[in-house]
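Please open the model in a viewer and keep the sequence panel beside it. The stops below are arranged so that each selection leads to the next.

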Amino acid sequence: MNSEEKVMQPIAASKGMGAILENDQVTFRVWAPHADRVFVAGDFNDWAEDGLELQKEEEGYWAGVTKKAKEREQYKYVIFNGEDKFFRNDPYATEVTNSNGNSIIRRLDFDWDGDSFELPSWNSLVIYELHVGTFNRKQADQVGTFNDVIEKLGYLKELGINCIELLPAAEFAGGISWGYNSAHPFAIEQDYGGPDGLYSLVKEAHKHGIGIIMDVVYNHLGPSDVDLWQFDGWSENGKGGIYFYNDHRSDTPWGDTRPDYGRPEVRQYLRDNALMWIEKYHCDGLRMDATSYIRYEGGGLGFDTEIIEGLILMRDINTEIRNKYPKVLTIAEDLKGQDLITNKIEDGGIGYGAQWDLHFVHPIREALINPEDDARDLETIANAITYRYGHDAFSRVIYTESHDEVANGKARVPEEIHPGNAESAFAKKRSIIGLVLVMTAPGIPMIFQGQEFLEDEYFKDHEGLDWGKFENMKGITRLAADLFKLKTGEFGATEGLRGQETEILHLNQETKILAYKRTNPGENEQPVLVIINFGNKDYENYGIGIEPDVDWKLRFNSAWKGYDEDFSEMPVDGMNTEEKVTDDKAWTGQVNIPAYGSQIYTI
């Protein structure tokens with residue numbers, strides 16, 4: 001064995017973790033505080049178990065340098081602890097052959113071709129949540145890929161989408177998964193196309209004016225194919241070793257693998273991962289899964305014990321991202337409805353840009369799904385529309401469908417409305433009310449893949465999205481696109497939908513008519529008036545209180561038969577006004593509004 005391969009060369013060693021290619025050498029660095037000796041075996045030394053010995057640095061880190069290793073070669077760490085020997089993948093491996101294969105030496109130095117894309121203002125986002133493996137799946141025996149998503153970018157752009165949220169794409173066990181069982185947090189799922197596939201998707205999405213938000217999972221890892229488990233041979237109580245809590249705090253609903261946020265090295269590991277998506281893959285945001293299980297042992301259900309170190313982790317990540325990348329949006333899926341999540345860190349908060357809002361999704365879904373018109377409480381709906389966290393109306397993500405809301409025993413909204421007949425007129429009209437609410441209530445709107453053509457199948461990670469449904473629902477897709485473009489401002493005169501103010505103008509529990517106005521205070525208010533009929537009864541010349549000297553023009557009518565032949569025959573020509581007191585307003589606007597119809601007006 002060449003002696004230069006046996007001894008670390010500290011002067012030449014590169015900074016960083018994992019396999020760092022620099023000039024004509026590779027530096028390997030790994031954290032293994034309980035190891036007695038650490039080697040690297042790989043293609044470059046014929047997988048000799050004592051091929052490249054690393055030297056111990058401070059705080060339990062080991063490092064070594066070789067000029068023999070080349071990019072694309074495979075490797076593993078060989079860790080000795082007493083009489084035990086462990087072959088481990090690199091925790092920082094940015095590519096692996098598969099979830100239980102080998103690590104691959106590589107750079108993440110993609111040619112971004114001058115990519116300088118920035119996410120649109122958060123108040124003008126329309127997020128499309130999708131699962132790479134099913135969104136545009138071509139073959140029954142093969143999951144969808146990043147390239148398959150690229151094929152649909154033109155469709156999404158034409159639809160009016162300006163941001164995609166990807167379910168987790170870090171390497172997980174097997175090829176069929178939602179992605180929330182990450183085995184290698186820094187590697188990209190090979191069945192989706194690996195690192196190069198993700199780079200291509202982000203680059204092409206940016207060319208289409210579409211941002212990418214990556215879903216990341218820091219509340220647990222795995223639980224299967226996790227090489228981090230008892231990584232250097234040490235553990236307590238039969239638990240996971242240095243990367244995990246080794247007491248009751250390790251337990252989560254998804255496995256016994258909650259990271260030990262109390263260890264600075266583990267917090268650094270997760271921080272480095274968060275920054276990787278932004279710095280190496282140009283992602284425009286991060287959605288953090290189940291953050292309540294980062295900050296509470298039991299997820300905050302009832303009496304629970306807070307995990308202070310988890311709060312520190314999230315605050316540190318949000319602080320660094322906000323300071324370095326203020327345009328990057330961090331989203332928490334916390335679902336506890338607390339201002340703390342999105343309050344600024346200087347005000348005692350955790351500092352997320354937005355959080356998924358349970359105050360919207362649950363009452364709105366209930367209102368849409370309930371078969372009895374009399375049971376639809378407009379006060380509850382109005383409260384869901386106007387709810388806000390702190391002082392920012394856009395610190396919440398609002399939706400009626402997500403991957404969680406359309407699986408695990410819960411169906412798509414049309415199917416929930418009319419089980420077994422999701423294409424009925426009732427199902428279509430009330431589902432569309434949900435879309436209208438999501439696009440016109442204050443907040444960042446999000447839809448789930450296929451919602452724009454009223455997909456009614458449960459979300460399953462082994463079945464592709466039913467694009468045949470799109471062919472049958474092109475009119476509904478046109479309706480959705482019209483809504484999305486009103487929200488983003490592509491159609492003009494709708495700045496109010498991107499403003500902070502919402503006023504409930506009319507709420508009639510008997511007629512089930514609700515009207516509200518959105519405004520953007522300042523020089524360019526561009527108010528938007530939304531009128532929704534939550535009942536199965538048509539109304540002619542229905543009166544809504546309006547301000548004097550306002551000429552409201554109809555911009556959207558959900559009941560238009562051009563969208564669907566099942567829709568209303570009632571003529572809807574806009575608003576007539578008269579000087580008559582209604583809703584404590586001096587003037588009345590009279591409209592024809594069909595059953596379960598929605599209308600949007602601008603001036």
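The tour goes from the barrel to its strands, then to the enclosed and open spaces, and ends in the loops.

**Before selecting**

This is a predicted model, in which local features need pLDDT of at least 70 and side-chain atom pairs count only at pLDDT 80 or more, while totals for chains, interfaces and linings use all residues. Residues are numbered from 1 along each chain as its sequence is written, and side-chain values use heavy atoms, with hydrogens and water left out.

**Stop 1: the barrel**

Select the strands β9, β10, β13, β14, β15, β16, β17 and β18; in that order, these eight strands close into a barrel with parallel pairing. Averaged over this sheet and with direction ignored, neighbouring strands are turned by 30° against each other. Add helix α11 (residues 425-440), which packs on the sheet and touches β17 (396-398) and β18. The direction of α11 makes about 145° with that of β18. Here contact means heavy atoms within 4.5 Å; axes are lines fitted to C-alpha atoms, for helices over the stretch in contact, and angles run from 0 to 180 degrees between N-to-C directions.

Helices (H or I, at least four residues) and strands (E, at least two) are DSSP runs numbered from the N terminus. Two strands pair if DSSP finds at least two bridges between them.

**Stop 2: strand β10 and its two neighbours**

Select β10, residues 163-166. In a regular strand, side chains alternate between the two faces of the sheet. Are the residues on the two faces of β10 buried or exposed? C163 and E165 on one side, and I164 and L166 on the other, are all buried, and both faces are thus covered. Buried means under 20% relative accessible area, exposed over 50%, and partly exposed in between (1.4 Å probe, protein chains only).

Now show β9, residues 127-130, which runs parallel to β10 and is joined to β10 by four bridges. I127 has C163 as its bridge partner, and E129 stands opposite E165. On the other pairing of β10, four bridges lead to the parallel strand β13 (residues 211-216), where G211 stands opposite C163.

**Stop 3: strand β9 and the closure to β18**

Stay on β9, whose faces are both covered: I127 and E129 on one side and Y128 and L130 on the other are all buried. Three bridges connect β9 to β18 (residues 444-448), and these strands run parallel. Centre on I127 to find M446 of β18 opposite.

Elsewhere in the barrel, two bridges join the parallel strands β15 (residues 329-332) and β16 (residues 354-356); the partner of I331 is A354.

**Stop 4: the cavities**

Turn on a surface or cavity display. How many cavities of 30 Å³ or more does a search of the whole structure find? The search finds three. On a 1 Å grid over the protein atoms alone, a cavity is a set of points where a 1.4 Å probe fits but cannot get out, and a pocket is an open set with protein on both sides within 12 Å along at least five of seven lines; lining residues have an atom within 4 Å of a point. Grid points are joined across faces, edges and corners, and a volume is the space filled by probe spheres set on the points.

Select A170, S182, P185, V216 and V217, which lie nearest the centre of the largest cavity among its 13 lining residues. This cavity holds about 90 Å³ of space. β12 (182-188), β13 and α5 (264-279) each supply at least two residues of its lining.

The second largest cavity holds about 50 Å³. Its lining includes N89, D90, H184, F186 and Y269, and β12 provides the largest share, four residues.

**Stop 5: the largest pocket**

Select M17, I20, T94, L108 and K280, the residues nearest the centre of the largest pocket, which has 24 lining residues. About 620 Å³ of space lies in this pocket. α5 gives the most to its lining, with five residues.

**Stop 6: the loops**

Finish with backbone geometry. In the loop between β13 and α5 lies P223, joined to G222 by a cis peptide bond with omega of about 20°.

Next, select N23 in the loop between β1 and β2 (25-31). Phi of N23 is near 60°, a positive value in a residue other than glycine, and N23 is exposed, with a relative accessible area of 70%. Last, D583, in the loop between β24 (576-578) and β25 (587-593), has a positive phi of about 55° although it is not a glycine. D583 is partly exposed, with a relative accessible area of 27%.
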